[in-house]
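I opened this structure to make notes on its ligand site, its helices and its backbone outliers. My entries follow in the order I looked things up.

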Amino acid sequence: MNKVLVTGGAGYIGSHAYKALRAAGFTPVTFDNLVTGWEEAVKFGPFERGDLLDRARLDEVFNTHQPVAVMHFAALSQVGESMQKPGLYWKNNVEGSLNLIEAACDAGCMNFVFSSTCATYGDQDNVVLNEDSIQQPINAYGASKRAIEDILRDFAAAEGLHHVIFRYFNVAGADPEAEVGEFHQPETHLIPLMLDAIEGKRDALTIFGTDYDTHDGTCIRDYVHVCDLVDAHVLGLKWLMDGKGDRVFNLGTGTGFSVRDVIDQSRAVTDRPVPYKEGPRRPGDCTKLVSGSTRAVKELGWSPTRSTLDQMISDAWRWHQTGHYNT
Ligand code: UFG
């Protein structure tokens, strides 16, 4: 039985990965401290509650399950919060990941799939963002993820840790069967906030900045469906288990949408008005983040079939209306 330790398996992306791993014949074991995740989201295999800062607990879990690989999703991931509390991000993300990497190497678990971010690239005007682009994050979240990438490279050189790094663009959508979905508390992400506003569950959405140098003044992002994203992770895991080399892959579609584009599409999908107002820029936000790489498609055979804006918002809307966790 090929067990895979999924850190953050009770969170948004981890829970979808959990389901995809199960479907691909692996046995996912989730490790999560439930600070931002939900136990109810752990539906497809064993659950080990624990914190990445607790090295003894990590050793215990590696001992018990003897996983063949780690998929590391657990992290604090709010750009705005990272600007206000950088220490939290360095401690939780970097120190926690270092603990995990050391524990994996000590346990002889040498296949490691890491969720990094396009936020490591920072704000680079008119630059095609591919895996060889310079990494110059402008927020503590991106800086913490870049540091973990560096740790992985050092452990690869010193210990032979095989790793795949995925740099995500903006993850959106939900499991089409609505078994799992996106649910953060507090919620900070554009699409779930917008759907809540449409349903009247919260106040009008605030557009963070309308004076960016883009076609309509609002920030541009490359949105990728969470199911497509986790499919890439399963392909990355197979890549490692086939003995292929350490590799970095961007996960984005190459198409950018502005905040106003997302508002327009949400109106079309839900057939309801989107209550919104215009506000100031949010510190740490980049103007435009769009992937310029097709490496994952060419080398992994990744085929992101659900990542149209229409499909992502439709699946998120279905989850919003039918699925939820009892909190
Ligand atoms: N936005 C608003 N109003 C809101 C929330 C967001 O206008 O209430 C805007 C943001 O300014 C940004 C876009 O919508 O332009 C997307 O914002 P999100 O908060 O949904 O996502 P981020 O781009 O800030 O961050 C996300 C992930 C990070 C990842 C990053 C890469 O949370 O983990 O994408 O861009 F690193």
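**Entry 1: Asp271.** I started with how open Asp271 is. Its relative accessibility is 69%, above the 50% cut-off, so I logged Asp271 as exposed. This is a predicted model, and I read every value below with that in mind. I placed Asp271 in the loop between α8 (259-270) and β13 (276-279). Then I checked its backbone. Phi of Asp271 is near 60°, a positive value in a residue other than glycine. I flagged that, because most residues other than glycine have a negative phi.

**Entry 2: Gln66.** I looked at another positive phi. Gln66 is not a glycine, yet its phi is about 50°. I found Gln66 in the loop between α2 (55-65) and β4 (69-72). Is Gln66 buried or exposed? I read 53% relative accessibility, so Gln66 counts as exposed. The cut-off for exposed is over 50%.

**Entry 3: Pro186.** Next I went through the peptide bonds. The bond from Gln185 to Pro186 is cis, with omega near 5°. I noted this one because most peptide bonds are trans. Pro186 sits in the loop between β7 (170-172) and α6.

**Entry 4: ligand contacts.** I turned to the ligand. Which residues come nearest to the ligand? Of the 22 residues around it, I listed Thr117, His189, Thr206, Arg282 and Asp285 as the nearest. I then pulled polar distances to ligand oxygen atoms. For Asp285, a side-chain N or O atom is 2.6 Å from a ligand oxygen. For His189, a polar side-chain atom lies 2.7 Å from an oxygen atom of the ligand. For Asn170, I read 2.8 Å between a polar side-chain atom and a ligand oxygen. I also checked the cover on the ligand. Alone, the ligand exposes 660 Å², and the protein buries 93% of that.

**Entry 5: ligand shell.** Which elements give two or more residues to the shell around the ligand? I found α6 (190-199) and β8 (205-208). The largest share comes from β8, with four residues. I sorted the shell by residue class and got 13 nonpolar, six polar and three charged. Then I asked where the ligand lies relative to the domains. Domain 1 (3-171 + 224-251) and domain 2 (190-221 + 254-322) both give residues to the shell, so the ligand lies between them.

**Entry 6: helix α7.** I ran a length check on α7 (residues 226-241). At 1.5 Å a residue, its 16 residues should span 22 Å. The end C-alpha atoms are 23 Å apart, which agrees. Is α7 mostly covered or mostly open? I found α7 mostly covered, with 12 of its 16 residues buried. Among the buried residues I noted Val226, Leu229, Val230, His233, Leu237 and Trp239. Asp228 is on that buried list too. Just after α7, Gly243 takes a positive phi of about 80°.

**Entry 7: Leu21.** I followed Val230 of α7 across to another helix. Leu21 lies in helix α1 (residues 12-23). Its C-alpha is 8.5 Å from that of Val230, with the two positions 209 residues apart in sequence. Leu21 is buried, at a relative accessible area of 0%. The partner, Val230, is buried as well.

**Entry 8: helix α4.** I looked up two residues of α4 (residues 86-107). Leu100 is found in this helix. At 0% relative accessibility, Leu100 counts as buried. Its C-alpha is 8.9 Å from that of Asp59, and the two are 41 residues apart in sequence. Cys105 is also in α4. I read a relative accessible area of 10% for Cys105; this is under 20%, so I logged it as buried. Cys105 and Ala156 are 51 residues apart along the chain, and their C-alpha atoms are separated by 9.8 Å.

**Entry 9: Thr218.** I finished with a loop residue. Thr218 is in the loop between β8 and β9 (220-221). Is Thr218 buried or exposed? I read a relative accessible area of 0%, so Thr218 is buried. What does its side chain reach? I found the backbone nitrogen of Val259, at 3.2 Å.

Definitions and conventions
Residues numbered from 1 in each chain as written. Predicted model: local features only at pLDDT ≥ 70, side-chain atom pairs only at ≥ 80, totals over all residues. Heavy atoms only, no water. Near = heavy atom within 4 Å. Polar contact = N/O pair within 3.5 Å; in protein donor to acceptor, adjacent residues only side chain to side chain. Areas by Shrake-Rupley, 256 points an atom, 1.4 Å probe, with all protein chains shown as cover. Nonpolar A, V, L, I, M, F, W, Y, C, P; charged D, E, K, R; others polar. Domains from an automatic or database assignment. Expected span 1.5 Å × (residues − 1). Buried < 20%, exposed > 50% of the residue type's maximum accessible area, 1.4 Å probe, protein only.
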